[in-house]
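Me: Please take a close look at the aromatic rings of this structure. I should like to know how they pair and how they are placed.

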Amino acid sequence: MRKIRRMAVLIPGGLLAAAVLVSGCTSLAGQSASIPPGPAAGVASAGGAANSESGAGADVVASNRYVVDIAVDLEFAKDDGDWMVFYVEGKWDDSSMGAPHPVSAGGPTQVVALAPDVELLSPFEGAEPTAEPQLDSEGLGVVPVTLDDFVQQNNQSAKIWFDESGQVIKIAARYQP
C-alpha cells in the first residue's frame with residue numbers, strides 16, 4: 001500500500017497549487033501545463049484566476065500570452081548580449097489622499113529576457129518627456145519608442161506581456177504625473 005501525503009505548494013507569483021506525493025512521486029494538481037517556464041511573478045493559471053493577494057491583477061490572455069498588470073522598479077541590462085528587464089510585481093496603493101499609484105508588492109525581483117522584437121510603448125516620444133502624455137483607457141502609454149528612449153525616460157511602472165516561452169514581447173509604461 002502506498003503512502004499518500006498532501007501539501008500546498010506556493011508557485012512564484014503567489015499561485016497556490018495542491019501537490020500530492022505518492023511514494024516519492026510528485027503530481028501538481030491545479031497547475032496548468034500551458035504556463036511558460038520563464039515568466040515571472042503574477043502569471044495566472046489557464047483558468048484565468050488572477051493573483052488577488054497582491055492586487056497585481058495578472059492574467060492569462062486567450063492567445064496564450066501572459067500579462068503582469070503592474071510591474072514596478074523597472075531596470076534594463078544586457079546579459080551576454082541579450083537585453084533583460086528586472087522588475088518587482090506591484091499593486092495599487094490608494095492609502096493616501098492623492099490618486100492611487102503603483103507600489104511594490106514586496107516580492108522578489110524578477111529577471112526576464114526581452115524578445116528581439118519587443119514592443120515598447122510610452123506616454124511620450126523621445127528620451128525626455130516634452131508634450132502631453134498619450135494614454136489608453138488604462139493609463140498606459142501608446143507611443144512606440146526605442147529601447148534607448150524607453151530606458152532614458154526612466155519609467156518606473158508598466159504592464160508587461162510575455163510569449164509562451166517566457167520572453168517579454170511588450171511593455172507599456174504607466175503614466176505617473
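Reply: Tyr175 is a suitable starting point, being partly exposed at a relative accessible area of 30%; here buried means under 20%, exposed over 50% and partly exposed in between, with a 1.4 Å probe and protein chains only. The model is predicted, so local features need pLDDT of at least 70 and side-chain atom pairs pLDDT 80 or more, while totals for chains, interfaces and linings use all residues. Residues are numbered from 1 along each chain as its sequence is written, and side-chain values use heavy atoms, without hydrogens and water.

Across the whole structure, the search finds two aromatic pairs. Rings of Phe, Tyr and Trp (its six-membered ring) pair if their centres lie within 6.5 Å; planes under 30 degrees apart count as stacked, over 60 as edge-to-face and the rest as tilted. With ring centres 5.7 Å apart and planes at 85 degrees, Phe76 and Phe150 are therefore edge-to-face. Phe76 belongs to strand β5 (residues 65–79) and Phe150 to helix α1 (residues 147–153), so this contact ties together parts 74 residues apart in sequence. Helices (H or I, at least four residues) and strands (E, at least two) are DSSP runs numbered from the N terminus. Phe76 is buried at 18% relative accessible area, and Phe150 is buried at 1%.

Tyr175 pairs edge-to-face with Phe124, at 6.0 Å between centres and 65 degrees between planes. Phe124 lies in the loop between β7 (101–122) and β8 (143–144), and Tyr175 in the segment after β10 (168–173), 51 residues apart. Phe124 is buried, with 14% relative accessibility.
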